Amino acid sequence: MGFKSRDLTQIIFCREHQILLPKRVPPIYVGKQVPQGEKVSFVGVNGTKTLLLSAYMEHRKERQVRVIAVALRSETPVYRCLLYCEEKLYISNGVSEFHDDHFGFSYGTVHIMCPLISGCETPSLIAVTTAAASSEDSHHAVFLEVKNQKAESVSLPYKFTVCISTMFDFTNVLQLVQSLEMMQLLGVNRVVIYKTSCSPETQRILDYYTKTGLVEVIPWTISRYLKPSRFAQPGQDAGDLHYYGQIPAVNDCVYRYMYQTRYVSLQDIDELILPLSVDSWLDLLPLLENKYGVDKCYMFANYEFPNSIALPPPASQTLPSQNIGWQKVPGVNILDHLHHKPIDKYHYINVKIIVNPRAVFRPTVHGLLESVNDCSRIDTTIARLYHTRLVPEHLEPEQLIYDGRLLSYSVPLTSAVNNVLKETGFLP
């Protein structure tokens, strides 16, 4: 809804801009608001190819509002931020910070930084237009809720949060349950999944874990607005944006949980970060902080376990008895795949990380673009990334290397997986 001309009674000056506004602006007149409870907004900026996702108060460096967005990299709009404070609107000039990791796609992740101004130190809503926008465009702008109003670092509800981005056309039910149960054994108490699409059977599992409080599902409907690629490089698949919009999803997750969790892990659902000398992340992180420093980004080398090859463990190792009903559950059984590829050049390239989110400014797929401290490569005798997936290259069984670390968790894991599959109707 626009403003009525008879309500325009006050001029609020903000830097070189001015805008006619009501002396007190009832919320109903603030353009249009994204519905309360909507997790990711997907709001277009009129006259541009920019898509706004979410807005968060930035308490570090300089207090301002950080708007996470996706934008056409060839465009250079001058953004204008409309800040809503106590029923008044204020304007500041937005500064765009494009992420370097765009993998050559035409669209990329951008943070629009909106400075705060005198009289509006704690905006509850924000909209973004352009400097070229008309006053009518400004009046009809869509406003986002500004989250993270309070900076908290002590009373955090979660110790470890895992950000999963993104879930698309997902049918791998058994590995999903095994991964979520393994994460809990490691000490994870929140898993955030940015979901594009999945099978009905997968949705049944997601609904179960949502009710238990472990999982938060973020509907990731970016494909309604852009054509995200199904691959990581433009040459592999035509599209506007890298790999289902994975990078903006990761960015949103870090800021969404910045003041809710002690650590975040940025990984995929088919990946597990396993410590080798201790059994949980609760015990692992003190070791890492002591060896590499506090508030560092901890990078774990990628060990790929091909899920197309199932080899028995050595004679000295035995697999626990498994419910024969697992064979009828869609998906991969990670306990069948205990042999990894030989180490290659991607060992420390396709890493995944655990980090204090309050030390992060700009995350990406395999690390951080901007942070308070540097990242440290974790010694592979301390912890590794176990990635059970379909690998593209052909491998002979004799090329693979046995690693039975997962078997250390197999007894409690098997019991937990059986319980979940029974409660969700996959097992009798």
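Q: Between which two elements does the loop that holds Tyr-243 lie?
A: In this predicted model, Tyr-243 has a phi near 35°, a positive value in a residue other than glycine. Tyr-243 is also one of the residues nearest the centre of the largest pocket. Its loop lies between β15 and α4 (246-256).

Q: Is Tyr-243 buried, exposed or partly exposed?
A: A residue counts as buried under 20% relative accessible area and as exposed over 50%. Tyr-243 has a relative accessibility of 25%, so the class is partly exposed.

Q: Which residues lie nearest the centre of the largest pocket?
A: The largest pocket has a volume of about 1,500 Å³. Its lining consists of 43 residues. Nearest the centre are Tyr-243, Asp-268, Asp-270, His-387 and Arg-389.

Q: Which element gives the largest share of the lining of the largest pocket?
A: At least two lining residues come from each of β13 (158-167), β19 (302-306) and β25 (383-389). By character, the lining divides into 17 nonpolar, 15 polar and 11 charged residues. The largest share from one element is four residues, and the element is β13.

Q: What is the omega of the cis peptide bond that joins Ser-165 and Thr-166?
A: Thr-166 is placed in strand β13, which also contributes to the lining of the largest pocket. The cis bond between Ser-165 and Thr-166 has an omega of about -15°.

Q: Which elements give two or more residues to the lining of the second largest pocket?
A: The second largest pocket holds about 160 Å³ of space. Its lining is made up of Val-43, Gly-44, Val-45, Asn-46, Val-128, Thr-129, Asp-137, His-140, Ala-141 and Val-142. Two or more of these come from each of β4 (43-44) and β11 (125-130).

Q: How many residues in the lining of the second largest pocket are nonpolar, polar and charged?
A: Asp-137 and His-140 are among the lining residues. Asp counts as charged, whereas His falls among the polar residues. The full division is five nonpolar, four polar and one charged.

Q: Is Glu-86 buried or exposed?
A: Glu-86 sits in the loop between β7 (79-85) and β8 (88-93). Its phi is near 45°, positive although the residue is not glycine. The relative accessible area of Glu-86 is 72%, so the residue is exposed.

Q: How far apart are the end C-alpha atoms of α3?
A: The helix has 13 residues, and at 1.5 Å a residue these should span 18 Å. The distance in the model agrees with that, at 19 Å.

Q: What arc do the buried residues of α3 cover around the axis?
A: The buried residues of α3 are Thr-202, Ile-205, Leu-206, Tyr-208 and Tyr-209. They lie on the same side of α3, because their arc is only 155°.

Q: Which exposed residues are on the face of α3 turned away from its buried side?
A: The buried residues of α3 are covered by elements including β13, α2 (173-186), β14 (190-195), β15 and α6 (410-423). The face turned away from that buried side carries the exposed residues Pro-200 and Lys-211.

Q: Which residues does Gly-213 touch, not counting those up to four places away in sequence?
A: Gly-213 follows α3 and has a positive phi, near 95°. Gly-213 is in the loop between α3 (200-212) and β15 (215-219). Its C-alpha is 8.4 Å from that of Asn-189, a residue 24 places apart in sequence. The residues touched are Asn-189 and Arg-190.

Definitions and conventions
Residues are numbered from 1 along each chain as its sequence is written. This is a predicted model: local features need pLDDT of at least 70, side-chain atom pairs count only at pLDDT 80 or more; totals for chains, interfaces and linings use all residues. Side-chain values use heavy atoms; hydrogens and water are left out. On a 1 Å grid over the protein atoms alone, a cavity is a set of points where a 1.4 Å probe fits but cannot get out, and a pocket is an open set with protein on both sides within 12 Å along at least five of seven lines; lining residues have an atom within 4 Å of a point. Grid points are joined across faces, edges and corners, and a volume is the space filled by probe spheres set on the points. Contact means heavy atoms within 4.5 Å. Buried means under 20% relative accessible area, exposed over 50%, partly exposed in between (1.4 Å probe, protein chains only). The expected span of a helix is 1.5 Å times one less than its number of residues. The arc is that of the directions from the helix axis to the C-beta atoms.
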